[in-house]
Amino acid sequence: MGACFLFAFLSLFGRDELIGGISFYQKNPFVLILTLLNCTLNYIGLVFIMALLKVSDAFTVVFVTSLRKAVTIILSFVLFAKPLSVFYFVGSIFVACGIYLDIKSAQERSKYHREVDQNNV
């Protein structure tokens, strides 16, 4: 993680974009607060996912994260009114298929790991 941060920092510093970013945050301090809040909430979410992974199997974790994605999409439509088109429904079908395949893949991985564990005993 530290190496990724260092690489991103040096990349910004090398292209003189770091100064532009700092000046943007100085002009818009509320955006800095939102950015820090976003980072903090993402970290808390990651901690919860890791805790869930410790007490349950991969299938449950994938199901919970997939359900969160679906709820986020639904809330997006409820909170931010937008005109509906056929493309939203087609996109929803793709998202539902992706969630299904994600869950199915987790089930298969979990099944495979159980079989490997049983054969190693």
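This note goes through a predicted model point by point, beginning with one helix and ending with a patch on the surface.

1. Helix α5 covers residues 86–120, and its 35 residues reach 51 Å from the first C-alpha to the last, which is close to the 51 Å expected at 1.5 Å a residue. The buried residues of α5 are Ile99, Ile103, Ala106 and Ser110, and these residues pack against α4. A reader following this list along the helix may find a general point useful: an α-helix has 3.6 residues a turn, so residues three or four places apart point the same way.

2. Ala106 is one of the buried residues of α5, and its relative accessible area is 0%. Once its neighbours within four places in sequence are left aside, Ala106 is in contact with Ala58, Phe59 and Val62. Of these partners, Ala58 lies 48 residues away from Ala106 in sequence, yet the two C-alpha atoms are 6.2 Å apart in space.

3. Which residues does Ser66 touch, beyond its neighbours within four places in sequence? Ser66 belongs to helix α4, which runs over residues 58–79, and its contacts of this kind are with Ile99, Asp102 and Ile103; Ile99 and Ile103 are also among the buried residues of α5. Ser66 has a relative accessibility of 2%, and it therefore counts as buried, the limit being under 20%. Its side chain also reaches the backbone oxygen of Val62 at a distance of 2.8 Å, and Val62 is in turn one of the residues in contact with Ala106.

4. Val95 is likewise found in helix α5, but it does not appear among the buried residues of that helix, because its relative accessibility of 36% makes it partly exposed. The C-alpha atoms of Val95 and Lys69 are separated by 9.2 Å, while the two residues stand 26 residues apart along the chain.

5. Leu53 has its place in helix α3, a helix made up of residues 29–55. With a relative accessible area of 40%, Leu53 is partly exposed, and, not counting residues up to four places away in sequence, it touches Ala58 and Val61. Ala58 thus links two of the points made here, since it is touched by Leu53 and is also in contact with Ala106.

6. Where does Ile44 lie, and is it buried or partly exposed? Ile44 is found in helix α3, and at 37% relative accessibility it counts as partly exposed. Ile44 is one member of a nonpolar patch on the surface, in which it is joined by Phe30, Ile33, Leu34, Leu37, Leu41, Tyr43, Val47 and Phe48. Together the residues of this patch have about 950 Å² of accessible area.

How values were computed:
Residues are numbered from 1 along each chain as its sequence is written. This is a predicted model: local features need pLDDT of at least 70, side-chain atom pairs count only at pLDDT 80 or more; totals for chains, interfaces and linings use all residues. Side-chain values use heavy atoms; hydrogens and water are left out. Helices (H or I, at least four residues) and strands (E, at least two) are DSSP runs, numbered from the N terminus. Buried means under 20% relative accessible area, exposed over 50%, partly exposed in between (1.4 Å probe, protein chains only). Contact means heavy atoms within 4.5 Å. A polar contact is a pair of N or O atoms within 3.5 Å; within protein, one must be able to donate a hydrogen and the other to accept it, and residues adjacent in sequence count only if both atoms are side-chain atoms. Patches are made of residues with over 30% relative accessible area and no salt bridge: like charges are joined within 9 Å, nonpolar side chains (Val, Leu, Ile, Met, Phe, Trp, Tyr) within 5 Å. Accessible areas come from the Shrake-Rupley method with a 1.4 Å probe; for residues, only the protein chains shown count as cover. A salt bridge is a side-chain nitrogen of Lys or Arg within 4 Å of a carboxyl oxygen of Asp or Glu. The expected span of a helix is 1.5 Å times one less than its number of residues.
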